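Hi,

Here is the structure I promised to pass on. Have a look at it first, and my notes on what turned up follow below.

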Amino acid sequence: MGALIQEMSIQDYDEVRALWQESEGIELSEVDSRKDIARFLERNPGLSFVARENELIVGAVLCSHDGRRGYIDQLAVRKSHRRQGIGKGLVDRCLYNLMRSGIHRWHLFVRITCPRLSQRMDGYHSPFPAKCVLFVPDSRACAWVSVGE
């Protein structure tokens, strides 16, 4: 049985934060507090998701938009559940809901310190219409992937 992808709620916070803390390449800061994540989820309903297998959260992603572009951040999958398409499923769900909201450009932020993810995202093909995929490291050892019209 595969993981079930569901909208993230603030009730998921403790388990999601623990997943982020054990995931290499994810750095948490004061903006990742329960209060700030609650505000984030309230401002961006239906865009952030968790993947569950037998009630255990095995993946999570934050997603938002500014009215023009979508932003995907804090994508994490539990080590024991990687290479099963869970991360792709989470990103695809974000993209689908962004497009339903009229957002056709998005950015996915990836830490270069995760070389396997960075290499795989460089060749990521979205199932949604897109004219370009751009993968550019910036001066803070991060990268972003931009897809859109």
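In the hairpin formed by β2 and β3, two residues sit between the strands, and Asn54 there takes a positive phi near 50 degrees. Bear in mind that this is a predicted model.

Staying with that hairpin: β2 and β3 run antiparallel and are joined by five bridges. On its other pairing, β2 is linked to β1 (residues 4-7) by four bridges, and those two strands are antiparallel as well. Arg52 is a handy residue to follow here, since you can trace it both ways. Its bridge partner in β3 is Ile57, and Arg52 is also the β2 partner of Leu4.

How much of β2 is covered? Five of its five residues are buried. Phe49, Ala51 and Glu53 point one way from the strand, while Val50 and Arg52 point the other way. Phe49 also has a charged visitor: Arg93 lies over the face of its ring, 5.6 Å from the ring centre. As for pairs of aromatic rings, the count comes to zero.

Now for the cores. The largest nonpolar core has 19 residues, and the members touching the most others are Val61, Ile72, Leu90 and Leu98. At least two residues each come from β2 (49-53), β3 (56-65), β4 (70-77), α3 (86-100) and β5 (105-111). The largest share belongs to α3, with six residues. Apart from this core lies another one of 13 residues, including Met8, Val16, Ile37 and Val50.

To see one member of the largest core in its surroundings, pick Leu90. Beyond its neighbours within four places in sequence, Leu90 is in contact with Ile5, Gly59, Ala60 and Val61, among others. The rest of its list includes Phe49, Val50 and Ala51, along with Leu75 and Ala76.

For the other core, try Ile37, which sits in helix α2 (residues 34-43). Why does Ile37 count as buried? Its relative accessible area is 3%, and buried means under 20%, so Ile37 qualifies. Leaving out neighbours within four places in sequence, Ile37 is in contact with Ile10, Tyr13, Trp20, Val31, Asp32 and Leu62. Tyr13 is 24 residues away from Ile37 along the chain, and their C-alpha atoms are separated by 7.9 Å.

If you want a place to start, open the hairpin of β2 and β3 and find Asn54, then step over to Leu90 and the core it belongs to.

Cheers

Definitions and conventions:
Residues are numbered from 1 along each chain as its sequence is written. This is a predicted model: local features need pLDDT of at least 70, side-chain atom pairs count only at pLDDT 80 or more; totals for chains, interfaces and linings use all residues. Side-chain values use heavy atoms; hydrogens and water are left out. A nonpolar core is a set of buried Ala, Val, Leu, Ile, Met, Phe, Trp, Tyr and Cys residues joined through side-chain atoms within 4.5 Å. Buried means under 20% relative accessible area, exposed over 50%, partly exposed in between (1.4 Å probe, protein chains only). Contact means heavy atoms within 4.5 Å. Rings of Phe, Tyr and Trp (its six-membered ring) pair if their centres lie within 6.5 Å; planes under 30 degrees apart count as stacked, over 60 as edge-to-face and the rest as tilted. A charge sits over a ring if NZ of Lys or CZ of Arg is within 6 Å of the ring centre and within 35 degrees of the ring normal. Two strands pair if DSSP finds at least two bridges between them.
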